[in-house]
Every structure is written in structure tokens, then in C-alpha cells.
Amino acid sequence: QLQFVESGGGLAQPGGTLRLSCAASGINLENYAIGWFRAAPGKDFEAVGCMSSGGAWTNYAEFAKGRFTISKDDTEGTAYLRMDSLKVEDTAVYYCAAESIPYDGTECGRWSRYFKSWGQGTQVTVSS
């Protein structure tokens with residue numbers, strides 16, 4: 001399993017932007033699919049979105065479509081989640097995950113069980 005360190009969370013205003021990072025030192029992510037998930041108080045753990053290892057396939061939850069973007073820098077061993085137009089309801093702890101799996105662009109939540117390497121989570125708070 002990979003060891004990820006997440007960063008980039010914090011306080012943002014509604015309508016603002018944050019970019020979360022998920023770094024695995026010394027690892028090339030070329031063969032790894034990426035998933036981002038979140039946990040909010042009183043809500044179920046949910047998928048934000050997934051991306052295939054080559055980047056050709058992505059799937060985002062409805063709340064994330066058009067606002068959130070997953071990317072990765074394989075050689076740097078870092079995955080990103082850019083979040084634009086943030087809303088108060090985006091407040092949650094965000095987790096990255098990676099695994100060498102043949103993610104095919106289908107519903108990201110169905111693939112969460114296959115991700116074995118997870119970040120420690122980073123808190124995102126959206127408030128005015």
C-alpha cells in the first residue's frame with residue numbers, strides 16, 4: 001500500500017476555490033487510478049469522483065460535476081482535486097485513494113472497495 005499525505009484543505013468562502021493535494025513520495029502514479037471521497041457530519045461517506053490510471057475515464061458525483069476536477073502528476077506521485085464554486089454543503093473531510101485497478105469510468109462509488117491506499121483526510125470548511 002502507498003502512503004499518501006494530503007494537504008490543501010482549510011477554510012474557504014462560498015464561491016471560492018481550493019485545490020487538494022495527495023502526495024506519495026517516490027511513487028510514479030502512472031498505473032494508478034485515483035479516487036476522491038468525502039465524509040461530512042451526519043452524512044454518508046460518499047464518492048466525489050474517480051479517474052482512470054491513464055486519465056481517459058472520469059466519473060464525478062452529481063454535486064461535483066462542472067465544479068470539481070481530478071488530475072494527477074504521475075512522475076511527482078501527486079493527485080489533485082480542484083474544487084471551484086464551493087458551497088457550504090461541500091464542508092467535509094476529503095480523502096484521496098489510489099489503486100492499480102482497471103477503473104472504467106463507471107460510478108465511482110462502486111469502486112471505493114477496491115482502493116487500498118488512502119490519504120489521512122483533509123478538512124474543508126466552506127463558510128462566510
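1. Two strands pair if DSSP finds at least two bridges between them. Strands β2 and β11 meet that test: 3 bridges join them, in the parallel sense. Strand β2 covers residues 10-12, and strand β11 covers residues 122-126. One bridge of this pair sets Gly-10 against Val-124 in β11. Please keep in mind that the model is predicted.

2. Now the overall picture. The chain has 11 strands and 0 helices. In sequence order the pattern is therefore β-β-β-β-β-β-β-β-β-β-β. The radius of gyration is 13 Å, close to the 14 Å that the globule rule gives for 128 residues, so the chain is as compact as a globular protein of that length. Its C-alpha trace spans about 40 × 30 × 25 Å along the principal axes.

3. Burial and contacts come next. Of the 128 residues, 45% count as buried. Take the contacts between residues at least 6 apart in sequence: 61% of these join residues at least 24 apart. The exposed area is about 6500 Å², and carbon and sulfur atoms supply 46% of it. As for charge, the chain has 11 positive and 14 negative side chains. The centres of the two sets lie 5 Å apart.

4. Which strands pair with β8? Strand β3 does, antiparallel, over 6 bridges. Strand β7 does too, also antiparallel and over 6 bridges. Strand β3 takes in residues 18-23, and strand β7 takes in residues 68-73. Ala-23 stands opposite Thr-78 in β8. Lys-72 has Ala-79 of β8 as its bridge partner. Strand β8 itself, residues 78-83, is mostly covered, with 5 of its 6 residues buried.

5. Arg-82 deserves a look, as a member of strand β8. Is Arg-82 buried or partly exposed? The relative accessible area of Arg-82 is 41%, so Arg-82 is partly exposed. Leaving aside neighbours within four places in sequence, Arg-82 is in contact with Thr-17, Leu-18, Arg-19, Arg-67, Phe-68 and Thr-69. Among these, Leu-18 and Arg-19 fall in the range of β3, while Phe-68 and Thr-69 fall in the range of β7. Pro-14 is 68 residues from Arg-82 in sequence, and their C-alpha atoms are 15 Å apart.

6. The hairpin of β7 and β8 has 4 residues between the strands. Gly-77 takes a positive phi there, near 65 degrees. Glu-76 also sits in the loop between β7 and β8. With a relative accessible area of 53%, Glu-76 is exposed, because exposed means over 50%. Glu-76 is in contact with Ala-24 and Ile-27, leaving aside neighbours within four places in sequence. Thr-122 is 46 residues from Glu-76 along the chain, and 20 Å separate their C-alpha atoms.

7. Check the backbone at Ser-85. This residue lies in the loop between β8 and β9. Phi of Ser-85 is near 50 degrees, a positive value in a residue other than glycine. The relative accessibility of Ser-85 is 40%, which counts as partly exposed.

8. Ser-52 is a loop residue with little exposure: its relative accessible area is 4%, so Ser-52 is buried. Its loop runs between β5 (46-51) and β6 (58-60). What does Ser-52 touch, not counting residues up to four places away in sequence? The list is Tyr-32, Ala-33, Trp-57, Lys-72 and Tyr-103. One of these, Lys-72, is the residue bridged to Ala-79 in β8.

9. Back to β11, where the side chains alternate. Thr-122, Val-124 and Val-126 point to one face and are buried. Gln-123 and Thr-125 point to the other face and are not buried. Strand β9, residues 92-99, runs antiparallel to β11 and is joined to it by 3 bridges. In that pair, Tyr-94 stands opposite Thr-122. Strand β11 thus has a parallel partner in β2 and an antiparallel partner in β9.

How values were computed:
Residues are numbered from 1 along each chain as its sequence is written. This is a predicted model: local features need pLDDT of at least 70, side-chain atom pairs count only at pLDDT 80 or more; totals for chains, interfaces and linings use all residues. Side-chain values use heavy atoms; hydrogens and water are left out. Helices (H or I, at least four residues) and strands (E, at least two) are DSSP runs, numbered from the N terminus. The radius of gyration is taken over C-alpha atoms; the globule rule is 2.2 Å times the number of residues to the power 0.38. Buried means under 20% relative accessible area, exposed over 50%, partly exposed in between (1.4 Å probe, protein chains only). Contact means heavy atoms within 4.5 Å. Accessible areas come from the Shrake-Rupley method with a 1.4 Å probe; for residues, only the protein chains shown count as cover. Lys and Arg count as positive and Asp and Glu as negative; His and the chain ends are not counted. The place of a charge is taken as NZ of Lys, CZ of Arg, CG of Asp or CD of Glu.
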